[in-house]
Amino acid sequence: MSIDQCLHSVFGASKVAADVMAQEYGRYFGMKTAIFRGGTLTGPAHSATELHGFLGYVMRANMERRLYRIFGYKGKQVRDAIHSHDVLSAFEAFFRNPRSAAVYNLGGGRHSNCSNLEAFAMAEKISGTEMVTEYVDEKPHRRPPVVDRLDGRVPGRLPAVEAGLRRPHDPPGDLRGQRRQVGAPTVIAQGKKNVLGVLVDAVDYEAATAQILDAARERRHYAVTALAVHGVMTGVQDKAHNARLNSFDLVTPDGQPVRGALNLLHHAGLADRVYGPELTLRVLRQAAAEGLPVYLYGSTEPTLGKLVPALERMFPALKIAGVEASKFRSVQPGEDAEIAERIKASGARIVLVGLGCPRQEIFTYAMRPLLDMPLLAVGAAFDYHAGLLKNPPAWMQKYALEWLWRLGLEPKRLWKRYILLNPAYLSRLAVQKAGLWKAAPPAPATERVHTFAV
């Protein structure tokens with residue numbers, strides 16, 4: 001396929017330029033340079049995201065009964081998948097036998113090519129669950145439909161690599177999923193797990209932050225919330241809200257009891273919760289570093305008046321695209337579209353929503369289809385970072401006693417939440433663990449909500 005008269009992304013064009021420059025350095029200066037042309041890189045830490053994740057995202061969509069959108073070509077477009085371990089094997093082989101201006105087409109060949117339709121069939125066979133798909137008759141303006149590269153010459157030029165990019169001295173068992181960079185921090189991202197019928201992601205701070213920032217960079221619809229016991233029990237007591245929560249892209253374990261449930265029921269191995277206020281700071285820190293503007297929605301004018309300068313002091317490079325206080329009423333006809341237009345016109349790439357549970361989750365669910373960016377329901381983060389609420393001591397947070405701290409601060413408002421809901425949560429957790437209650441999670445909601453707080 002000619003490089004002319006076909007679509008390129010800026011990233012794709014930069015790869016071509018790097019390819020040619022590496023060859024030039026090899027030919028003109030005799031340097032030992034190599035170009036390794038691959039396809040879709042995959043591996044144990046590959047993020048299962050739409051368009052980019054491919055095989056990982058296909059399987060995730062299948063297991064979670066998530067809608068998978070097929071963009072053009074009737075699902076017959078081919079993706080060239082290559083494992084990161086295999087790429088590193090090729091790097092090692094070149095290192096042992098370097099050449100000048102060497103070019104290796106690592107992808108291609110029927111063993112590594114897979115179309116969308118073939119991937120769906122494999123996912124359905126593995127899980128026994130039918131894919132939920134939607135065909136969009138438009139092509140993502142990223143790449144030609146079929147990229148066919150031949151790897152037949154690689155073993156001859158890199159004798160240490162066998163056909164299929166496997167080294168002869170590799171162990172017979174496939175240990176690729178266990179390999180990681182020496183000294184690299186362990187990142188936990190195990191997907192959604194059932195906690196009392198609410199699907200909560202077994203993730204740590206690093207994985208949650210990375211997933212949110214990926215969605216912001218790629219301009220994807222992405223709904224996020226952090227649930228403590230109150231948030232989970234709100235779903236347990238309201239099946240419609242439970243279905244809405246189960247449609248969220250990311251639900252983090254905000255409270256220690258929720259983290260404990262993931263460890264108890266699913267052996268998640270989480271050493272810490274993913275606390276909404278802390279997750280907010282980590283996302284903002286990275287957004288400031290990358291120049292991704294942020295929109296603040298919710299709370300009151302006085303709170304926002306204290307929050308904005310506080311965030312600017314913490315992150316001088318942070319771009320706050322807009323600020324909008326809650327109206328403390330229900331949405332009016334057409335108002336949701338107006339809010340979405342204001343947010344998009346601001347240039348924001350991330351929206352923080354502080355309306356309180358469960359109003360902020362319903363708002364996030366309702367606005368998600370209208371905004372191609374992550375919406376984070378961050379609860380009391382606005383109040384904490386504005387300096388209006390004090391965090392409990394670290395030892396209380398560690399031993400799941402934050403509820404007691406907050407109850408002491410706001411007894412009239414919170415006594416029902418903690419005195420009644422905490423025992424109910426623990427008793428339901430016990431019967432789910434004992435297998436006496438299936439706690440079947442409702443299917444993710446898809447219908448539009450017409451009434452919600454703004």
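Helices and strands are taken here as DSSP runs, of at least four residues for helices and at least two for strands, and are numbered from the N terminus. On this basis, Ala101 falls in the loop between helix H3 (84-96) and strand S5 (102-105) of what is a predicted model. The phi angle of Ala101 is near 55 degrees, a positive value in a residue other than glycine. Ala101 has a relative accessible area of 12% and is therefore classed as buried, the limit for that class being under 20%. A phi near 55 degrees, again positive in a residue that is not glycine, is found at Phe328, which is placed in the loop between strand S13 (320-324) and H12. Phe328, however, counts as exposed, with a relative accessibility of 61%.

The chain as a whole contains 17 helices and 15 strands, and 47% of its 454 residues count as buried. Among the contacts between residues at least 6 apart in sequence, 76% join residues that are at least 24 apart.

Helix H13 (residues 359-367) is preceded by a loop that begins after S14 and contains Pro358, and the peptide bond leading from Cys357 to Pro358 is cis, with omega near 0 degrees. Eight of the nine residues of H13 are buried, so the helix is largely enclosed by the rest of the structure. The buried residues are Gln360, Glu361, Ile362, Phe363, Thr364, Tyr365, Ala366 and Met367. The elements against which these buried residues pack include both strands and helices, namely strand S10 (222-227), H8, strand S12 (294-298), helix H12 (335-345), strand S14 (350-354) and strand S15 (374-377).

The largest nonpolar core comprises 47 residues, of which Phe363, Tyr425 and Phe452 touch the most other members. H13 gives the most to this core, contributing five residues. When residues up to four places away in sequence are set aside, Phe363 touches Tyr297, Ile339, Val353, Leu355, Leu375, Phe452, Ala453 and Val454. Another core, of 39 residues, lies apart from the one just described and has Ala216, Leu250, Leu318 and Ala325 among its members. In soluble globular proteins, nonpolar side chains tend to be buried together.

The packing of H13 against helix H8 (residues 239-246) takes place at an angle of about 60 degrees, with the two axes 10 Å apart. This angle makes H8 oblique to H13, and H8 passes H13 in a left-handed crossing. On the H8 side the contact is formed by His241, Arg244 and Leu245, which meet Glu361, Ile362 and Tyr365 of H13. By class, the residues of this contact divide into three nonpolar, one polar and two charged.

H8 also packs against helix H7 (residues 229-237), where the axes come within 5 Å and cross at roughly 125 degrees. H7 and H8 are therefore oblique to each other. In this contact Gly231, Thr234, Gly235, Val236 and Gln237 of H7 meet Lys239, His241, Asn242 and Leu245 of H8, and the classes represented are two nonpolar, six polar and one charged. His241 and Leu245 of H8 thus take part in the contact with H7 and also in the contact with H13.

A further helix pair is formed by helix H9 (residues 256-266) and H17, which pack at an angle of about 10 degrees with their axes 11 Å apart. H9 and H17 are therefore roughly parallel to each other, the limit for this description being an angle under 35 degrees. Pro257, Val258, Ala261, Leu264 and Leu265 in H9 are in contact with Tyr425, Leu429, Gln432 and Lys433 in H17, a set that divides into seven nonpolar residues, one polar and one charged. Tyr425, one of the H17 residues in this contact, is also one of the three residues that touch the most other members of the largest nonpolar core.

Arg428 likewise belongs to helix H17 (residues 411-434) and is partly exposed, with a relative accessible area of 32%. Not counting residues up to four places away in sequence, Arg428 touches Leu196, Met233, Val236 and Trp437. Val236 is also among the H7 residues that meet H8. The C-alpha atom of Arg428 is separated by 8.9 Å from that of Ala439, a residue 11 places apart from Arg428 along the chain.

Conventions
Residues are numbered from 1 along each chain as its sequence is written. This is a predicted model: local features need pLDDT of at least 70, side-chain atom pairs count only at pLDDT 80 or more; totals for chains, interfaces and linings use all residues. Side-chain values use heavy atoms; hydrogens and water are left out. Axes are lines fitted to C-alpha atoms, for helices over the stretch in contact, and angles run from 0 to 180 degrees between N-to-C directions. Angles under 35 degrees count as roughly parallel, over 145 as roughly antiparallel, 65 to 115 as roughly perpendicular and the rest as oblique. A crossing is left-handed if the near helix is turned anticlockwise from the far one by less than a right angle, and right-handed if clockwise. Contact means heavy atoms within 4.5 Å. Ala, Val, Leu, Ile, Met, Phe, Trp, Tyr, Cys and Pro count as nonpolar, Asp, Glu, Lys and Arg as charged, and the others, Gly among them, as polar. A nonpolar core is a set of buried Ala, Val, Leu, Ile, Met, Phe, Trp, Tyr and Cys residues joined through side-chain atoms within 4.5 Å. Buried means under 20% relative accessible area, exposed over 50%, partly exposed in between (1.4 Å probe, protein chains only).
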